[in-house]
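Reader: I have a model open beside its sequence, and I would like to learn how to read it feature by feature. Could you take me through it with care?

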Amino acid sequence: GEFHLGYSRSELQGVSWYQLLHWESTREAQSKHRLITQSEQDRSCILLVRMQRRQSDFLWVHVVLQVRDGQDSNQQSVIVCTNQVLSSNK
């Protein structure tokens with residue numbers, strides 16, 4: 001988020017990933033989020049989203065979402081996102 005989106009680490013502290021998405025990308029992101037968190041088989045997926053940069057323009061980003069189990073049995077699972085920036089779109 002710091003390099004490509006232009007935000008500082010402190011600006012992103014406590015900010016939901018959904019707040020950085022273009023409104024047209026939120027529905028698919030929510031659908032894929034539900035898919036990987038509610039399924040026993042499908043624990044990863046890909047999607048194409050637009051993410052807002054600090055300068056208020058948008059970047060096209062290819063995202064791979066993967067559910068990873070916690071290290072200990074009492075730890076909650078996490079979603080790891082691997083992002084590939086494709087292009088900017090103003």
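Author: What follows goes from the overall layout to the core, the strand pair and then two single residues. Please keep in mind throughout that this is a predicted model.

Reader: Which elements does the protein have, and in what order do they run from the N terminus?

Author: A useful habit is to list the elements before looking at any side chain. Here the protein has 3 helices and 3 strands, and from the N terminus on they follow the order α-α-α-β-β-β. The C-alpha trace spans about 40 × 25 × 20 Å along its principal axes, and of the contacts with a separation of 6 or more, 40% are between residues 24 or more positions apart.

Reader: How should I read burial, and what share of the 90 residues is buried?

Author: Buried residues make up 23% of the 90 residues, where buried stands for a relative accessible area under 20%. Looking at the surface instead, the protein exposes about 6,500 Å², of which carbon and sulfur atoms supply 44%.

Reader: Where do I look for the nonpolar core, and which of its members touch the most others?

Author: The general idea is that in soluble globular proteins nonpolar side chains tend to be buried together. In this structure the largest nonpolar core has 15 residues, and those that touch the most other members are L5, L47, V49, M51, V61, V63 and L65. Two or more residues come from each of α3 (26-38), β1 (44-52) and β2 (58-68), with β2 giving the most, namely 5 residues.

Reader: What does L47 contact beyond its neighbours within four places in sequence?

Author: With those neighbours left aside, L47 is in contact with E28, A29, K32, V61, H62, V63 and L65. One of these, V63, is also the bridge partner of L47 in β2.

Reader: In which sense do β1 and β2 pair, and over how many bridges?

Author: β1 and β2 pair in the antiparallel sense, over 9 bridges. Another position to inspect in this pairing is R50, which stands opposite W60 in β2. The two strands form a hairpin with 5 residues between them.

Reader: What should I notice about the phi of S56?

Author: For background, most residues other than glycine have a negative phi. S56 is not a glycine, yet it has a positive phi of about 80°. S56 lies in the loop between β1 and β2, and because its relative accessibility is 48%, S56 counts as partly exposed.

Reader: Let me turn to H33: in which helix is it found, and why is it classed as partly exposed?

Author: H33 is found in helix α3, and it is classed as partly exposed because its relative accessible area is 30%. Leaving aside neighbours within four places in sequence, H33 is in contact with Y18 and I79. By contrast with such contacts, H33 and Q55 are 22 residues apart in sequence and 27 Å apart in space, C-alpha to C-alpha.

Reader: Finally, how many positive and negative side chains are there?

Author: The protein has 10 positive and 9 negative side chains, and the centres of the two sets lie 6 Å apart.

Note on methods: Residues are numbered from 1 along each chain as its sequence is written. This is a predicted model: local features need pLDDT of at least 70, side-chain atom pairs count only at pLDDT 80 or more; totals for chains, interfaces and linings use all residues. Side-chain values use heavy atoms; hydrogens and water are left out. A nonpolar core is a set of buried Ala, Val, Leu, Ile, Met, Phe, Trp, Tyr and Cys residues joined through side-chain atoms within 4.5 Å. Buried means under 20% relative accessible area, exposed over 50%, partly exposed in between (1.4 Å probe, protein chains only). Helices (H or I, at least four residues) and strands (E, at least two) are DSSP runs, numbered from the N terminus. Contact means heavy atoms within 4.5 Å. Two strands pair if DSSP finds at least two bridges between them. Accessible areas come from the Shrake-Rupley method with a 1.4 Å probe; for residues, only the protein chains shown count as cover. Lys and Arg count as positive and Asp and Glu as negative; His and the chain ends are not counted. The place of a charge is taken as NZ of Lys, CZ of Arg, CG of Asp or CD of Glu.
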